[in-house]
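Open the structure in your viewer and keep the selection box at hand. Each stop below gives you something to select and tells you what is there.

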Amino acid sequence: MSTGEPTRTHPAWLPVEAFRAIGSRRTLVRGTGALVDTVRDEVAGACARFGGTVTHLPAEQRQRTGEHDGPYDLVFALGTAGPLPAGAAALAAEIGPGSEPDGLGPEGFAVARRDGVSVVLADEPAGLLHGLFHVVRLGAAAFGADIAVRRHRPAMRLRLVSHWDNVDVHPVMGQVERGYAGGSIFWRDGAPRRDPDRVRDYARLLAACGMNALTVNNVNVHGTATRLLTDRLDDVAAIADLVRPYGIRVHLSVNFAAPFVLGELPSADPLDDDVRAWWCKAAAQVYERIPDFGGFMVKADSEGQPGPARYGRSHADGANMLADALAPFGGIVHWRAFVYNHRQDWRDRSTDRARAAYDHFTPLDGRFRENVVLQVKHGPMDFQVREPVSPVLAAMPNTRLAVEFQATQEYTGQQRHVCYLGPCWSEVLRFAPWGPGGPTVASVVAGSAGDGAGDGGASAGGGLVVVSNVGDDRYWTGHPFAQANLYVAGRLAWAPDLDPLAVLDEWIELTFTPSATGDPELLRGTLHALLDDSWRTYERYTAPLGVGFMVAPGDHYGPDVDGYEYSRWGTYHFADRYGVGVDRTRATGTGFTGQYPQPWADRYEFLETCPDELLLFFHHVPYQHVLHSGSTVIQHVYDTRFAGVEQVVEMVRRWQRIGTAGLVDPALHARVTERLAEQLRSAEEWRDKVNTYFLRKSGVPDAHGRRIY
Ligand code: GCV
C-alpha cells in the first residue's frame with residue numbers, strides 16, 4: 001500500500017547541496033590509496049553537479065611538471081605525495097607532517113587557507129577523508145577569508161556504531177532489537193538484505209560524522225547470527241567491502257559459546273585448550289577473508305547470553321581468550337560490562353542492580369589484555385533518560401574503557417518523540433569523577449586521563465560506542481530528527497568538547513536546505529527550538545528526578561508506573577504513601593554511593609548536596625521533601641509534568657508554522673507532524689498517569705489546583 005511518501009532514501013546530512021561549495025571549485029587531490037580515491041570520487045561527483053574541476057595526481061606521479069601548479073582553490077594532499085602548487089607547498093611545509101613531533105596520526109588532518117588556496121593535509125588517507133568532510137561542513141566559509149592553521153585529530157581512536165540487528169527475525173524483538181526505524185539495512189529474514197547502495201550510503205554518512213567502525217549484528221547472538229563467524233562469513237565480508245571505501249571497519253558480535261553451540265566442541269570453557277584453538281582458527285579465517293576486520297563484541301553472562309561463568313571462569317578469562325585469538329591480527333575485543341542479576345527477587349532490598357557492573361568488573365582491573373576494551377553503559381542502570389554516570393568509568397585505571405550510548409531511543413521515546421540526546425551525552429563526557437578540574441569521562445575513554453589512567457594499557461583508551469538508531473526506513477531513523485542523534489554521537493566521539501547545541505546547528509545547516517523562496521532563519525530557528533531542549537522536555541513528562549523505569553514492561557514505550565515494581569529486573573522506585581525513591585546511600589541504603597570517588601561519593605550520599613535531578617536515584621524521600629529548587633518533590637512532579645506537555649504543545653505549534661510557510665519537503669513535514677501528534681498524545685498520557693499515581697499515593701493535592709484524575 002502506498003504511504004504517499006517518495007521512495008528515495010533521504011540523504012540525511014549529506015544532501016547534494018552540502019557539496020555546492022566544493023563542487024564549484026578547482027580541486028587538486030594529491031596522493032595514493034583507496035581512501036584518497038574516495039576523496040577524489042566525492043569531489044568529482046560534486047563537480048559534475050556544480051561545475052568545478054578535480055585533478056588527481058597519485059603520489060607516484062612526481063615528475064610530470066606543470067600539472068600540479070594549478071591554479072587550484074582547494075588542495076588535498078598526503079604529506080609524502082610530491083610537488084604541490086606554490087602557495088599550497090608553503091602552507092604544507094608549515095602545517096604538514098614533520099611540523100609536529102607525533103604528526104597528524106592515522107586519521108588526523110590539518111587545514112588552512114591563505115592567498116586564495118585552501119589546503120587539507122594528512123599523513124594517511126583516512127585523514128584526507130575526514131578532512132574532506134570537514135571542508136563540507138565549512139561550506140562556503142572554506143573558500144572565504146583566510147583560515148589559520150588548525151590540526152584536527154580524533155580524541156578517540158575507536159568510534160563504533162553497534163547494531164542490534166538480528167539476522168533471523170526474532171519472535172519477540174523482530175529484525176532489529178529495540179529498532180524503531182523499520183527493518184535492518186544488513187539482514188532480512190535470515191539472509192543478507194543485499195542493498196549495497198544503502199550500505200555504502202550509510203558508511204558515507206558515518207564517515208562524515210566521524211565514526212570509523214560498526215558491528216553488523218546484535219549483541220544477543222542467536223540462530224544464524226552465530227554462524228556469521230564461520231560458514232556465513234562471506235555475508236560479513238560483503239558488508240566490509242562496501243564500507244571500507246569510507247574508512248569504516250567491520251566488527252562482529254559473537255556468541256561466547258559458539259564452539260559448543262555450533263556443535264563442534266563439547267564445551268566453551270575459555271581455559272580449555274581445544275576451545276582456545278577453535279577461536280584462534282576462527283579468528284585466522286576471519287582475517288584471511290577480511291584483512292582489516294575490527295574484532296569481536298561480546299555480551300557474556302548477561303540477560304541469558306552464555307559466558308565464562310558457566311565454567312567457573314571470570315570475565316577476564318573469557319575476554320582474554322578471545323583477545324589472544326585476535327591479537328596476531330591487531331583485532332580488539334569489546335567486552336560489555338552490562339552484567340547484572342536479571343532474576344532478582346523484588347522482595348530482596350539488599351541487591352541493587354546499579355551496583356552490579358562495578359561489583360563484577362572492578363576486581364578484574366589490570367587483568368584484561370591490552371586488546372580488550374571493557375564497554376560500559378554510560379549509566380549504572382540502562383539508558384534511562386536521567387542516570388548518574390556509571391562509577392565503573394572511574395574505577396578501572398588499568399583497563400581500556402569505552403563508554404556506550406544508546407541512539408536507538410528505547411527509553412527516550414522510540415523515535416516517535418523528539419529527544420535530542422547530544423546534551424545528555426555531552427554531560428556524561430564532561431563529567432569529572434574526581435571533581436572539577438580533574439580528568440573527565442571523555443579523557444578516560446580517550447585514554448588521556450593522565451595519572452588516573454594507570455599503566456596497564458589503559459592509555460590507549462576504549463573510545464565511544466553508540467547503539468544505532470538506523471533501519472531501512474526512508475529517513476534512516478523513523479523520526480527524521482532522530483538522525484541528529486547519530487550525527488552528534490560521531491561528532492562527540494571525534495571531539496567530546498564540542499558544544500552539543502553547536503553540533504545541532506551544524507546538523508541543521510547540512511541537512512536542511514530551505515527552498516529558494518523560504519525564510520532560512522525561520523527554518524533554522526524552529527528546528528533548533530524543537531530539538532535543543534527536547535531531552536529535558538522528555539524528562540519533564542516521564543519518570544521524575546532520576547527514578548527511571550516507569551515504562552511499560554516489554555516494549556518500554558509509554559507509562560506504566562508500577563510496571564516493573566514487582567518484577568525480577570531490579571528496577572524499582574519504592575513509592576508508598578509517604579515517599580518515593582531508592583536509598584542507595586552508604587548510611588542506610590545499598591551503599592552504591594560508595595562506588596564513586598570523592599567528591600561524588602559524599603555529594604550523592606547527602607541530601608544537602610545531592611543534585612535535584614538525581615535525588616530519587618540516590619535517596620528515598622518523603623513527598624514533602626524540599627528540593628534545592630525550593631519546590632517539594634510532589635509539587636515538582638506535578639509542575640514538571642504539566643510543563644513538559646506545554647512544551648510539546650509549543651513544538652507542535654512551531655512545526656505547523658513551518659508547514660504553512662512551505663519551508664521543508666512536504667513528505668518530511670508530514671512525517672514529523674504525524675510523530676509530533678503521537679508525542680503529544682503520549683506526553684499527556686505520561687502526565688496524567690504519573691500525576692494521578694502520585695496524587696493517589698501521597699494524597700497531596702496540586703498547589704495550583706490543576707486537573708489530576
Ligand atoms: C540487546 C536492554 C535492552 C535489551 C538489550 C540490552 C543490552 O536490556 O532492553 O534489548 O539487548 O539492554 O544492552 O544488551
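The tour goes from the barrel to the ligand, then to the cores and a few single residues.

**Before you start**

Keep in mind that this is a predicted model.

**Stop 1: the barrel**

Show the strands as a cartoon. Select β7, β12, β13, β14, β15, β16, β17 and β18, in that order. These eight strands make a closed barrel, with parallel pairing. From one strand to the next, the twist averages 25°.

Now zoom in on residues 295-298 and 332-336. They are strands β14 and β15, which run parallel and are joined by four bridges. Which residue stands opposite Met 297 in β15? Select His 334 to see the partner.

Add residues 315-326. This is helix α9, which lies across β14, β15 and β16. Compare directions with β15: the helix runs at about 160° to that strand. To show β16 as well, select 372-377.

**Stop 2: strand β17 and its neighbours**

Select residues 400-406. Are the residues of β17 mostly buried or exposed? Seven of the seven are buried.

Colour the strand by side. One side carries Arg 400, Ala 402, Glu 404 and Gln 406. The other carries Leu 401, Val 403 and Phe 405. Both faces are covered.

Next, look to either partner. β16 pairs with β17 in the parallel sense, over five bridges. Label Val 373 and Arg 400, the latter in β17: they are bridge partners. Then select residues 463-467 for strand β18, which runs parallel to β17 and is joined to it by five bridges. Here Val 403 stands opposite Leu 464 of β18.

**Stop 3: the ligand**

Select the ligand and show its surroundings. How many residues surround the ligand? There are 14, and the closest are Glu 177, Lys 299, Arg 336, Lys 377 and Glu 410.

Draw three distances, each ending on an oxygen atom of the ligand:

- Lys 377: a side-chain N or O atom is 2.6 Å from a ligand oxygen.
- Arg 336: a polar side-chain atom lies 2.8 Å from a ligand oxygen.
- Glu 303: a side-chain N or O atom is 2.9 Å from a ligand oxygen.

**Stop 4: the nonpolar cores**

Select Trp 13, Trp 279 and Trp 335. They have the most contacts inside the largest nonpolar core, which has 213 residues. Which helix gives the most to this core? Select residues 633-660: helix α19 contributes 11 residues.

Stay with Trp 13 and list its contacts. Leaving out residues up to four places away in sequence, Trp 13 touches Ala 18, Leu 205, Ala 208, Cys 209, Gln 483, Leu 486, Tyr 487, Trp 507, Leu 510 and Thr 511. Another core, of 16 residues, lies apart from the one holding Trp 13. Select Leu 28, Tyr 72, Ala 88 and Ile 95, which are among its members.

**Stop 5: a contrast at the surface**

Select Ala 34. This residue lies in helix α2, residues 34-50. Ala 34 counts as exposed because its relative accessible area is 57%, over the 50% cut-off. Now add Tyr 246. The two residues are 212 apart in sequence, yet their C-alpha atoms are 9.0 Å apart in space.

**Stop 6: backbone details**

Select Phe 383, in the loop between β16 and β17. Its phi is near 55°, a positive value in a residue other than glycine. Phe 383 has 4% relative accessibility, which is under 20%, so this residue counts as buried.

Move to His 556, in the loop between α16 (534-541) and β19. His 556 is not a glycine, but has a positive phi of about 65°. With 6% relative accessibility, His 556 is also under the 20% cut-off and therefore counts as buried.

Then select Gln 598 and Pro 599. The peptide bond from Gln 598 to Pro 599 is cis, with omega near 10°. Pro 599 sits in the loop between β19 (579-580) and α17 (600-605).

**Stop 7: a hairpin**

Finish with residues 165-170 and 174-176. These are strands β8 and β9, which run antiparallel and are joined by two bridges. How many residues lie between β8 and β9 in this hairpin? Three lie between them. Label His 170 and Gly 174 as well: Gly 174, in β9, is the bridge partner of His 170.

Note on methods
Residues are numbered from 1 along each chain as its sequence is written. This is a predicted model: local features need pLDDT of at least 70, side-chain atom pairs count only at pLDDT 80 or more; totals for chains, interfaces and linings use all residues. Side-chain values use heavy atoms; hydrogens and water are left out. Two strands pair if DSSP finds at least two bridges between them. Axes are lines fitted to C-alpha atoms, for helices over the stretch in contact, and angles run from 0 to 180 degrees between N-to-C directions. Contact means heavy atoms within 4.5 Å. A nonpolar core is a set of buried Ala, Val, Leu, Ile, Met, Phe, Trp, Tyr and Cys residues joined through side-chain atoms within 4.5 Å. Buried means under 20% relative accessible area, exposed over 50%, partly exposed in between (1.4 Å probe, protein chains only). A residue is near a molecule or strand if one of its heavy atoms lies within 4 Å of it. A polar contact is a pair of N or O atoms within 3.5 Å; within protein, one must be able to donate a hydrogen and the other to accept it, and residues adjacent in sequence count only if both atoms are side-chain atoms.
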